[in-house]
Amino acid sequence: MNHGLRDHAALVGSLIDAAPIGIYVLDADMCVMHANAEATRAFGRFAQDMVGRGLGPMLAELWGPDAAAMSLEVFRHTLETGEPFVSDEFIGQRLDTGNTEYYEWRVFRIGLPDGTPGVVCYFRDISAGVEARKSVEDSRDALKLADARKDEFLATLAHELRNPLAPLSNCLHILRLRDSDDVEGKRLRAIMERQVMTLVRMTDDLLEVSRITRGKIELRKVPTDLRDIVHAAIETSRPLIVHAHHAFDLRMDPLEALPVLADGVRLSQVFANLLNNAAKYTPKGGRIIVEVAREDRHARVSVRDNGIGLPSEMLDRVFDLFAQDEHGRRLAQGGLGIGLTLARSLVAMHGGTVAALSEGVGRGTEFIVQLPLLASGERPHMEPVLATFDGDPLDIVVTDDNQENADSLAQMLRLAGHQVRITYDGESCLEAVAERMPDLVLLDLGMPGLDGFSTCRRIREAHGRGLRILAVTGWGQARDVADAAKAGFDGHIVKPVDPAKLAEGMAGLGRRNTA
């Protein structure tokens, strides 16, 4: 029996010595009675004569007196109370190597062979895992910082792009308000309006670049005639088609309306992408055909070319982000490979589908878009113009350090019947308001000297909430809107000014001054 117990004890001892974690046993005097191989490895230079030595002096030399005192306190508490100790992470800097190491350890009271109580400590070196986790966290923090810097850069870039777009948009609206009878002039103005709107929406997308691939673009859907959207896309792509000397054929019933609930700019972007692809991937002098027709309750738009075609394995993959086959990559004239990905996302957000067809390399390609049609009672959207408002015209102060934007916005308002004073800095705005209280102040935010936030606060301090103040700015992120509201603004309009949004911001105002 005793022989069997000895064999069992020897087996247990062998298992303990081979364990992948550190295990050592202490007696009541905190001296080491047993230590396995992993434990002696952790104790470095004490490995050869660790058994029989006091734990405290060894820990003090390896980890410092504070770590030694803390550890001995834990061991003695467990020895006296029987309460186990569990620590998921002990951090210490070794004095012998200077390395920072991390350990997971457990302490339990046990009975020793002589019947006296002792403690056993199980520990595991988790330094590699902790360092890996810290590396991941550092990388994540670096990515967050890079992402924040990217957002800051894009916000600044969008602001700088909106500033020159604002007077262009204002001037185009002035031409609309003048309502010239020149048919060719109207056509050219419509082209410019579409292109400015495209630039505006592209600028907005700079602030939503991560949302694009997640399908979270905000759509501004209104009942629209799909024919108008297709015509706008053709105008956008026409220079590329003409430059490549392609024959172009549009097959569409000019008398049958195709009403869809759509964001016209976004859908125009879809068809322009398809047309641009057809123009780029068709050798010079090719042929492009666009067919638009009603199919039951859907509209069907086909964009077909006699270009380089697609291999069968690319028909589905062509819509993946950055996907291009090698043949197409050689012939492509620029592009990031995201146009078809966006097209599929945008069509899906309109409740439609898009598919690619090709009989193979060199046999041309056809893209087919299907969109649900509106019920016959819903009318297509008519583009809004700036309201002239009922009653007396308003007294308005326009303040912007960009003089062309201030002047063009003021002229647009004057054509709508309002009385407008222009200032180009915050101090001049304060003087104009003090001289004669206006009904409305349209105030830029990012001005040198006294910026729009400070100007608004000082107007509120002097005159309270007795007049309406709207921010008209190139800064359009959520935090900019919140900061403007905190400064006392009644509303926030992003440049270029959308006349409908401006009319909405002016709604309900009545003329206070008659002189």
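Start with strands β13 (residues 395-399) and β14 (residues 419-423), which pair in the parallel sense over five bridges. Bear in mind as you look that this is a predicted model. If you want one spot to click on, take V397: its bridge partner in β14 is R421. To get from β13 to β14, the chain travels through helix α13 (residues 403-415), and the resulting β-α-β crossover is right-handed.

Now zoom out to the sheet that holds this pair. Five strands make up an open sheet, and reading across it you get β14-β13-β15-β16-β17, with parallel pairing. At the edges sit β14 and β17 (491-494), each of which pairs on one side only. From one strand to its neighbour, the sheet turns by 20 degrees on average, ignoring direction. Further along that order, strand β15 (residues 440-443) runs parallel to strand β16 (residues 468-473), and four bridges join them. Here L443 is a handy marker, since it stands opposite A471 in β16.

What packs on the sheet? Helix α13, the one from the crossover, does, and it touches β13, β14 and β15. The direction of α13 makes about 175 degrees with that of β14. With angles over 145 degrees counting as roughly antiparallel, α13 therefore runs roughly antiparallel to β14. Helix α14 (residues 426-435) packs on the sheet too, touching β13, β14 and β15, and its direction makes about 145 degrees with that of β14.

Next, look at a pair of helices, α15 (residues 452-463) and α16 (residues 478-487). When two helices pack, you describe them by the angle between their axes and the distance between the axes. For α15 and α16 the angle is about 25 degrees, and the axes are 9 Å apart. Angles under 35 degrees count as roughly parallel, so that is how α15 and α16 lie to each other. On the α15 side the contact involves F453, C456 and R457, which meet D483, A484 and A487 of α16. Sort the residues of this contact by type and you get four nonpolar, two charged and no polar ones.

Some backbone details are worth a stop as well. After β17, in the loop that leads to α17 (499-506), you'll find P496. The peptide bond from K495 to P496 is cis, with omega near -10 degrees.

Then there are M30 and D296. M30 isn't a glycine, yet its phi is positive, near 65 degrees. Look for M30 in the loop between β1 (22-26) and β2 (32-35). D296 isn't a glycine either, and its phi is also positive, at about 55 degrees. D296 belongs to the loop between β9 (287-295) and β10 (298-305). So which of these is buried and which is exposed? Buried means under 20% relative accessible area and exposed means over 50%. M30, at 3%, is therefore buried, whereas D296, at 68%, is exposed.

Finish at T78, in helix α4 (residues 65-81). With a relative accessibility of 0%, T78 counts as buried because the cut-off is 20%. What surrounds T78 there? Setting aside neighbours within four places in sequence, T78 is in contact with E83, P84, F85, V107, F108, R109 and V119.

Methods:
Residues are numbered from 1 along each chain as its sequence is written. This is a predicted model: local features need pLDDT of at least 70, side-chain atom pairs count only at pLDDT 80 or more; totals for chains, interfaces and linings use all residues. Side-chain values use heavy atoms; hydrogens and water are left out. Two strands pair if DSSP finds at least two bridges between them. Helices (H or I, at least four residues) and strands (E, at least two) are DSSP runs, numbered from the N terminus. A crossover is right-handed if, with the strands pointing away from the viewer, the path from the first strand over the helix to the second runs clockwise. Buried means under 20% relative accessible area, exposed over 50%, partly exposed in between (1.4 Å probe, protein chains only). Contact means heavy atoms within 4.5 Å. Axes are lines fitted to C-alpha atoms, for helices over the stretch in contact, and angles run from 0 to 180 degrees between N-to-C directions. Angles under 35 degrees count as roughly parallel, over 145 as roughly antiparallel, 65 to 115 as roughly perpendicular and the rest as oblique. Ala, Val, Leu, Ile, Met, Phe, Trp, Tyr, Cys and Pro count as nonpolar, Asp, Glu, Lys and Arg as charged, and the others, Gly among them, as polar.
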